[in-house]
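Here are my notes for you to read with the model open beside you. Go point by point and find each spot on screen as you get there.

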Amino acid sequence: MNLSIPEHCLVLLIGVSGSGKSTFAVEHFGPYETLSSDTFRGLVADDENDQSATAAAFDALRYVAAKRLEQNRLTVVDATNVQPASRRAFVELAREHDMLPVAIVLDVPERVAVERNAARPGRDFGAAVVRRQHDQLRRSLKGLGREGFRRIHVLDGEEAIADAVIVREPLLTDRRDEHGPFDAIGDVHGCRGELEALLEQLGYVLRRDEEGRPVDAAHPEGRRAIFLGDLVDRGPDAPGVLRLAMGMVAAGNALAVPGNHEEKLVRALSGKNPSTAHGLAETLAQLAGETEEFRQEVLAFCRGLVSHLVLDDGRLVVAHAGLIEKYHGRASGRVRAFALYGDTTGESDEYGLPVRLPWAEDYRGDAMVLYGHTPVPEVVWINGTACVDTGAVFGGALSAVRYPEREVVAVPAERVWYEPVRPLAPPEPAAEAREPGVLRIDDVTGKHIVETSTHGRVGVREEQAAGALEVMSRWSVDPRHLLYLPPTMSPPATSKRPGLLEHPDEAFAAYRAAGVDELVLQEKHMGSRAVVLLARDPARFDAPAGWRGVIHTRTGRPFFDDERGDRLLAELGDAAERAGLFTALETSWLLLDAELLPWSLKAEELIRDLYASTGAAATGALPAAIAALESARDAGVEVGALLERTRERAASAIAYRDAYRRYSAPVDGLEGIQLAPFQLLASEGRSHAELPHAWHLEHLDRLVEADPVRIRRTERRWLDARDDEATASAMAWWEELTAAGGEGIVVKPAAGLVRTAKGLALPGIKVRGREYLRIIYGPDYTAEANLSRLRDRSLGLKRSLALREYALGLEALERVARGEPLWRVHQAVFAVLAMESDPVDPRL
């Protein structure tokens, strides 16, 4: 016997003590899904059978159940639940969280329950208790529906219980497996001519019946329409609109949600007597000319529409009047009322229309919400939501939003079909507060979650957010120009080769183990990580005339505080023009990931105060120590071992000094400054970060050709890690680079973003040279005793951090490409910076 239950709901197991509820729960539900009253008695009183702890146990159980329901998780309550009062508390709990309550009744003969209790230790109550519970159960069965249970399954007897199979079904609102593309159409209100024109403009091909009436429309590219409700009332041909919309839905060419006008029509066609104001009288008169069969089809269609739809893995939600985030994917009368009527105060305005609260102004959900209901002069985006009702029946336009493109397509109304009670007018001045460019501190403060399309949910802890807020608020560039922060990069596993801490072989092995064989090896420039935004059109970023872009560090701080930044951006922008990148990519801006050289441009104080002082002290003191030891040796003192160690330290100090000096070239104005780009991250409407590296390097080589003095080529090698000869050649190239003073290489998947069986592959693994690492770990790190200690380093946290930051960066770029509000982009960028507060060894 199949027992269907919603995928997300509250299930009450109902049955007398000894009916087998706990066994049933173990067999059919997960260990964390079931909340047992016995278990909670044990938690609060150390004894599952201590009936004096029942009140406290149920307090704790209800608290945990509430927390699970908040997260939209299936929750099963294993208790007798034979009394209406005990069930009522859980039905109310389900309603509070807009979840459906389900009852599963295990009805076994009284004799069986008595025998089972007698066989269980600690169950010393007599048959009278079971008899009383059985009587309460019997008297309850007929009233479960009235108590509010949406589904009731009664298992009558041991055999029925043993044969039961739980079938979890998604809610009717759950259409996450529908991925589009879609065309969401605003309130039609009987305007059939405008609907036909809009569908044809969207590319749909109409199909007509033998009487010439449109009964379906299909898109040659497989797009589907979404009707956002209010198909009927006020307009000239509600039956024609219904016939077309119903045909499209039946053929799979459209989806639909109900509007408040369909809700009234259902009541009227069901024999109720609703008010016929606001156009219902016209619709009923038009339907009177149709057949009874058609009217019944309309009734069945409208009655079958569900409050809202969650689509495309939760990225899109459609509802007639919109829907706040906590109602997405929930089911209750409250959710349906919001979806049909919006958030109202219960008052009426001067036109006698309901006063509606501007819920979209406070919307901070990840899903795009498309809705209608309240006519507006034009489609305006507010925090990732858009009202698509542009008042076609009132003489405005019939509009659609293409998803995921976010493009608006509209056709003007043929005429004013119905005089509006309230004139269509521009939004009130208060709508200025809805500007998508306005940031709010609660977008990023406290503990919060950022949803990414490549790595799932990334959590930001409160203390991480606090640290990032300090940096962002005091030192970062304008958030409107901060589109991306690059991820940290992990080194390879520690090399076992003598004298080395890192070697390319471990990076190759890591990718081979992940199933990634096609690799690109890129020269790692010894500079400072820089993100460069080049802009043709300052207005695109709300910047003043003449603004050419911004160059910022990997923590969002501006690289320059003088006119050099403007001059460098002008040169880079001119190079991009000569290279034809703006034209080729059809964009007014480019976002580059790069290294800015030399290192001393940013690290001059660090070199002078830390590295140079250490080098000077070592190279000054150690020769004198060697001289003193040599004199002692000549005098017959046994200092041979100490003298040898001191000579080694002196040689290491010289190597240390030479290492940092390679990267501290003098800079005079722009003289000596170079940019070495290695990735073209994004342009208008597109994120390129997931594309193969060959695409990036091909475009960036054009930039180098346009200005080889200011822009430095990133050398690279392509490698099939399965080819031993090619692998040996790649290692030799690394050795050659690092022996000549280079920092090392970065090993990356040639395909760009790669998903493996275990999730995202690392975007890159840096392999640094032996002498460069002397800067990081100190002059004497190559001594075997030090190397042995340094080889014991854990990379797990570093790699986890790299993947999380990588996913957040990709998410920020995707949100930019989709044209999402600034706060949504900033949320992902901010989270990258917040991740940096994790306590990771900075030398890795």
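1. What volume does the largest cavity have? It comes to about 230 Å³. Keep in mind that this is a predicted model, so treat everything below as a reading of a prediction. A search of the whole structure turns up one cavity of 30 Å³ or more. If you wonder how anyone finds such a thing, rolling a probe the size of a water molecule over the atoms shows where empty space is left.

2. Now for the walls of that space. The lining of the largest cavity is made of 20 residues, and Pro487, Arg529, Gln679, Pro763 and Tyr806 are the ones nearest its centre. Strand 29 (674–683) and helix 25 (796–817) are the elements that give two or more residues to this lining. Helix 25 has the largest share, with four residues. By type, the lining of the largest cavity splits into 11 nonpolar, six polar and three charged residues.

3. Step back and take in the whole chain. The protein chain has 844 residues, and 54% of them are buried. Its secondary structure adds up to 26 helices and 35 strands. Along the principal axes, the C-alpha atoms fill a box of roughly 115 × 80 × 50 Å. Look at the contacts too: of those with a separation of 6 or more, 73% are between residues 24 or more positions apart.

4. Next, the cores. In soluble globular proteins, nonpolar side chains tend to be buried together. Here the largest nonpolar core has 67 residues, and Leu519, Leu521, Leu591 and Val747 have the most contacts inside it. Helix 25 turns up again, giving this core its largest share, 10 residues. There is also a second, separate core of 49 residues, with Cys9, Phe24, Val108 and Ile161 among them.

5. Pick out leucine 591 and look around it. Which residues is leucine 591 in contact with, leaving aside its neighbours within four places in sequence? They are Leu483, Tyr484, Val531, Val532, Leu533, Gln679, Leu680, Leu681, Ala682 and Leu813. You have met Gln679 already, as one of the residues nearest the centre of the largest cavity.

6. Helix 10 is a good one for practice. This helix covers residues 238–250, and its 13 residues reach 18 Å from the first C-alpha to the last, close to the 18 Å expected at 1.5 Å a residue. Is helix 10 mostly covered or mostly uncovered? Mostly covered, with 11 of its 13 residues buried. The buried ones include Leu242, Arg243, Leu244 and Met248.

7. Compare two spots, starting with alanine 103. Alanine 103 sits in strand 5 (residues 100–107). Its relative accessible area is 0%, so alanine 103 is buried. Not counting residues up to four places away in sequence, alanine 103 touches Leu12, Ile14, Leu144, Phe149, Arg151, Ile152 and His153.

8. The other spot is serine 652, in helix 20 (residues 640–661). Why does serine 652 count as buried? Because its relative accessibility is 12%, and the cut-off for buried is under 20%. Leaving out residues up to four places away in sequence, serine 652 touches Arg774, Pro779, Asp780 and Thr782. Try a distance as well: the C-alpha atoms of alanine 103 and proline 779 are 72 Å apart, with those positions 676 residues apart along the chain.

9. Last, some backbone details worth a second look. Most residues other than glycine have a negative phi, and most peptide bonds are trans. Glycine 180 and proline 181 are joined by a cis peptide bond, with omega about 5°, and proline 181 is in the loop between strand 8 (174–175) and strand 9 (182–185). The bond from tyrosine 403 to proline 404 is cis too, with omega near 10°.

10. Where is proline 404 found? In the loop between strand 21 (397–403) and strand 22 (407–412). Arginine 406 is also in the loop between strand 21 and strand 22, and has a positive phi of about 65° although it is not a glycine. Aspartate 230, in the loop between strand 12 (224–227) and helix 10, has a positive phi of about 55°. With a relative accessible area of 1%, aspartate 230 is buried.

Definitions and conventions
Residues are numbered from 1 along each chain as its sequence is written. This is a predicted model: local features need pLDDT of at least 70, side-chain atom pairs count only at pLDDT 80 or more; totals for chains, interfaces and linings use all residues. Side-chain values use heavy atoms; hydrogens and water are left out. On a 1 Å grid over the protein atoms alone, a cavity is a set of points where a 1.4 Å probe fits but cannot get out, and a pocket is an open set with protein on both sides within 12 Å along at least five of seven lines; lining residues have an atom within 4 Å of a point. Grid points are joined across faces, edges and corners, and a volume is the space filled by probe spheres set on the points. Ala, Val, Leu, Ile, Met, Phe, Trp, Tyr, Cys and Pro count as nonpolar, Asp, Glu, Lys and Arg as charged, and the others, Gly among them, as polar. A nonpolar core is a set of buried Ala, Val, Leu, Ile, Met, Phe, Trp, Tyr and Cys residues joined through side-chain atoms within 4.5 Å. Buried means under 20% relative accessible area, exposed over 50%, partly exposed in between (1.4 Å probe, protein chains only). Contact means heavy atoms within 4.5 Å. The expected span of a helix is 1.5 Å times one less than its number of residues.
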